[in-house]
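The exercises below concern a two-chain model. Each gives a task, and a step-by-step solution follows.

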Amino acid sequence: VDTLILSRIQFGANISFHILFPTITIALGWVLLFFKLRFQATGEDRWMAAYRFWVKVFALSFAMGVVSGITMSFQFGTNWPGFMETVGNIAGPLLAYEVMTAFFLEAVFLGIMLFGMHKVPSWLHTTATFLVAFGTTMSAFWILVLNSWMHTPAGFEMRDGVAFATDWWAIVFNPSMPYRLTHMLIASGLTVAFLIAGLSALRWLWGDRSAEVRTTLRFGATLGAVLIPIQIYAGDMHGLNTLEHQPAKVAAMEGHWDSDKSPVPLILFALPDEEDRENDYEIAVPYVGSLILTHSLDGSIPGLDQFVTEDGEVLHPPVAKVFWSFRTMVATGMAMLVLSWAAVWLMRFGRGPEGLPKPVLYAFAGMTFSGWIATLAGWYTTEIGRQPWLIDGVLMTRDAVADVPAPMVLGTLIAYLSVYGALTAAYIGVLTYLARRQAKGEPVPTFEAPASGAAEARLVAGE
Amino acid sequence: MTMELFGDPYVWLPFTFAALMGLSILIYVVLDGFDLGVGVLFPFADGAEKDRMVSSIGPFWDANETWLVLAIGILLVAFPQAHGDILTALYLPVAVMLIGLILRGVAFEFRVKAPGSHKETWNRLFFTGSLMTSLSQGFMLGLYIMGLTWTLPHVAFACLTAVFLTVGYSFIGATWLILKTEGALQRKAVEWARGGIWGLILGVGAISAASPLVSPRIFEKWFSFPATLWLLPLPILSAALILWLWRALRSLPAPGDKGAMGPFVAAIALFTLAFAGLAYSYYPFVVPERLTIYEAASAPESLIIILVGVCFVLPTILAYTALAYMVFRGKATDLRYY
């Protein structure tokens, strides 16, 4: 095992752990703003109750996101110095704008949003909530600009092996950015939709019949049902964009070895064999691959054979990993479609959660974290699909890695993995605990010590 | 072109960014210094006091840590080569610091949301994380002063600075608690501050003594006439501040809570003076004795586009940071989400 693969696993573990939490906070911030605005418009307590429960989830997720994000800004230097040395002139300003326009905004106003409801006027608290939501979205924007640029670099020139910016507009709005950003923001919305629906279903199953849980269960299921078709469409568009700019990735996603094979079938199951460069045990539907990718029955796409040089160097990503990550994402998305549409149908005509049979409630509970699975699988598809390039056509991953001794990387990797594993378990555990306490009608107070007399009085009046 | 407005862009841009980075590091050390310090002091407090201590830093810690991201971000974007050099040399202490930051950051949330029986564990992790972070930052400071090379004497020195910086953080943390708390906890905080001032004296002393000894260049910068005269206010002011703190801490807490802010302000001033001394010593180097800010800087085209943003954004950040400190001014009360 060498430094390169260990460093890749370490960065992969890091960024995988990190994305779990922003993917929640990006959309949950807007959902909280929605709850607060609904409360202000209607005066109905259920919206405030929903805000109070979900703001706890938000605070916990936010803290997890912040600390795991700090880790990444350091790992650029500790493990991947070649990245900034080569494209620092482009990545630098993008990251700087993320820190300046997003991180500070969300971090400063988070304090007011979480703890300031009775210290500042209501409009300022609502504004703080808005700014936190806006900040998380801005953060997603800048980081996806940079990430997209790594897939479809534009607006630069190379001088002595170093990239220099020539056109910032082209850099920011690089070819894959609009697709990737849309796909990710909707993914965040879906993650939150199923998180809310899942925890609410769990509370319902535990006997919680409050107006709040009724509201959030419907809200989550409906949000999921609305977003999933849009996401499938956005995903298709993103796929076509990838086919145009990174055909090797699409060939790997489809397990498409042979360029001459046309029409392209849709492979449902296969075990891609990198040695013999073919699929074992393939089950496929003819024509459908062409239909999806070229929107015609006999279209052809470049096969993996086009991405091997004459002296045998493989310039396409590892096929099985990309192939299966992609299928995991799509399958999760299909499950989301079926479940959310079934639930919305069953709750029609104001039947509400009473219309949901137990298996549907269990399915929601089981899919509480399905957004995580789809998000991770999607990111693995696109990031592993970029290999062996770190920046497509510009910098190879192996040329950017730091010359840190392998045992040292292994040591830190094990340390990070144990911390991440334990924290993910603790996070899921605490969310379940919060839901259980809420279902029992004994919500977890945020701080156990009593507040000042005045705040206590407001609290009693408010509840 | 505007870039030439202030002279050679290969000179003024790197200098500006070095100054910005220095400012971010200083703000980070002061702000996260006090909240890390509060974490380090955790074992000396009882249960209810711990809640109060956390609530005194709860609304601030996240924004405080963002200054670290900004500082490391500027290093990354303005001096990419130095970023790689420094961070690969500090690989292990960085990893320790990051795990420490992770543990303490999440413990803030977990300790009040996890089942009651787990609260003690998260309290311990909050302390452990704060300690790991403080120690590793002190260690990195020491190793940086020693020129980022891992030899036994250098590591020994770094271990010393690790302890001193940790005590220094707990000192500024204690002065923060004097400002933000009352009653028994405030009296305790005064005790802690009295105990911690030693760390500050030894820390500043050790670094001031060691850096000129390690580097003839730094020795030259400090002890050549007339520079010595210009620099004299630095140690004199520091000594005066320490003397003042020494006396002030003996008379606190005072009736009517008079002077509760004094020690915190004095601590900030001390940190600033020490930092100014370090900055003077190392300029123009970003990697000690190896790489100057001018050699390590990114292309002016990239720096200018960041600078434009900085000019608009930094004042805004400072303004809303001030707003947050205004909103949560006064003694810490128990925090609630609604």
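**Exercise 1. Cis peptide bonds**

In which loop of chain B is Pro284(B) found? Then treat Pro388(A) in the same way.

Solution.
Step 1. The model is a predicted one. Pro284(B) sits in the loop that runs between helix H12 (262–282) and strand E1 (285–287) of chain B.
Step 2. The peptide bond leading from Tyr283(B) into Pro284(B) is cis, with omega near 5°.
Step 3. In chain A, Pro388(A) belongs to the loop between helix H13 (370–384) and strand E5 (389–391).
Step 4. The bond from Gln387(A) to Pro388(A) is cis, with omega near 5°.

**Exercise 2. Positive phi**

State the phi values of His295(A) and Glu289(B), and place each residue in its loop.

Solution.
Step 1. His295(A) has phi near 55°, a positive value in a residue other than glycine.
Step 2. The loop between H10 and H11 of chain A holds His295(A).
Step 3. For Glu289(B), phi is near 60°, again positive in a residue other than glycine.
Step 4. Glu289(B) lies between E1 and strand E2 (291–292) of chain B, in the loop that joins them.

**Exercise 3. A salt bridge within chain A**

Which parts of chain A does the pair Arg398(A) and Glu313(A) link?

Solution.
Step 1. The side chains of Arg398(A) and Glu313(A) form a salt bridge, with an N to O distance of 3.4 Å. The cut-off for this assignment is 4 Å, and the distance of 3.4 Å satisfies it.
Step 2. Arg398(A) is in the loop between strand E6 (395–396) and helix H14 (406–439) of chain A, while Glu313(A) is in the loop between helix H10 (288–294) and helix H11 (319–346) of chain A.
Step 3. The two residues are 85 residues apart, and the pair links distant parts of the chain.
Step 4. Over all chains, the search of the whole structure returns 16 salt bridges.

**Exercise 4. The interface**

How many residues of chain B are in contact with chain A, and what is the character of the side of chain B that touches chain A?

Solution.
Step 1. Contacts involve 67 residues of chain B and 75 residues of chain A.
Step 2. The two chains bury about 6800 Å² between them, with 77% of it on carbon and sulfur atoms.
Step 3. The count of salt bridges between chain B and chain A is 0, whereas 6 residue pairs are in polar contact across the interface, both residues at pLDDT 80 or more.
Step 4. On chain B, helix H2 (47–57), helix H3 (61–78), helix H4 (80–89), helix H5 (91–113), helix H6 (119–145) and helix H14 (300–327) each supply at least two residues of the side that touches chain A. H5(B) gives the most, with 17 residues.
Step 5. Sorted by class, that side of chain B has 44 nonpolar, 13 polar and 10 charged residues.

**Exercise 5. Overall dimensions**

Compare the radius of gyration of chain B and of chain A with the value for a globule.

Solution.
Step 1. Chain B has 14 helices and 2 strands. Its C-alpha trace spans about 55 × 40 × 40 Å along the principal axes.
Step 2. A compact globule of 338 residues would have a radius of gyration near 20 Å, and the 21 Å of chain B agrees with this.
Step 3. Chain A contains 15 helices and 6 strands. With 463 residues, the globule rule gives 23 Å; the radius of gyration of chain A is 24 Å, so chain A is as compact as a globular protein of that length.
Step 4. The C-alpha trace of chain A spans about 75 × 45 × 40 Å along its principal axes.

**Exercise 6. Confidence**

Where in chain A is confidence lowest, and where is it highest? Do the same for chain B.

Solution.
Step 1. Chain A has a mean pLDDT of 86, and 96% of its residues reach 70 or more.
Step 2. Helix H15 (residues 453–462) of chain A is lowest, at a mean of 38, and helix H7 (residues 177–205) of chain A is highest, at 95.
Step 3. Across residues 447–463 of chain A the pLDDT is below 50; this stretch has 22 contacts in the model beyond near neighbours in sequence.
Step 4. Chain B averages 85, with 97% of the residues scoring at least 70. Its lowest confidence is in H14(B), at a mean of 82, and its highest in H6(B), at 91.
Step 5. For the complex, the predictor gives an ipTM of 0.79 and a pTM of 0.86.

Technical notes
Residues are numbered from 1 along each chain as its sequence is written. Chains are lettered from A and ligands numbered from 1 in the order in which they are written. Side-chain values use heavy atoms; hydrogens and water are left out. Contact means heavy atoms within 4.5 Å. Buried area is the accessible area (1.4 Å probe) that two parts lose on being put together, summed over both. A polar contact is a pair of N or O atoms within 3.5 Å; within protein, one must be able to donate a hydrogen and the other to accept it, and residues adjacent in sequence count only if both atoms are side-chain atoms. Helices (H or I, at least four residues) and strands (E, at least two) are DSSP runs, numbered from the N terminus. Ala, Val, Leu, Ile, Met, Phe, Trp, Tyr, Cys and Pro count as nonpolar, Asp, Glu, Lys and Arg as charged, and the others, Gly among them, as polar. pLDDT is the predictor's confidence in each residue, from 0 to 100. The radius of gyration is taken over C-alpha atoms; the globule rule is 2.2 Å times the number of residues to the power 0.38.
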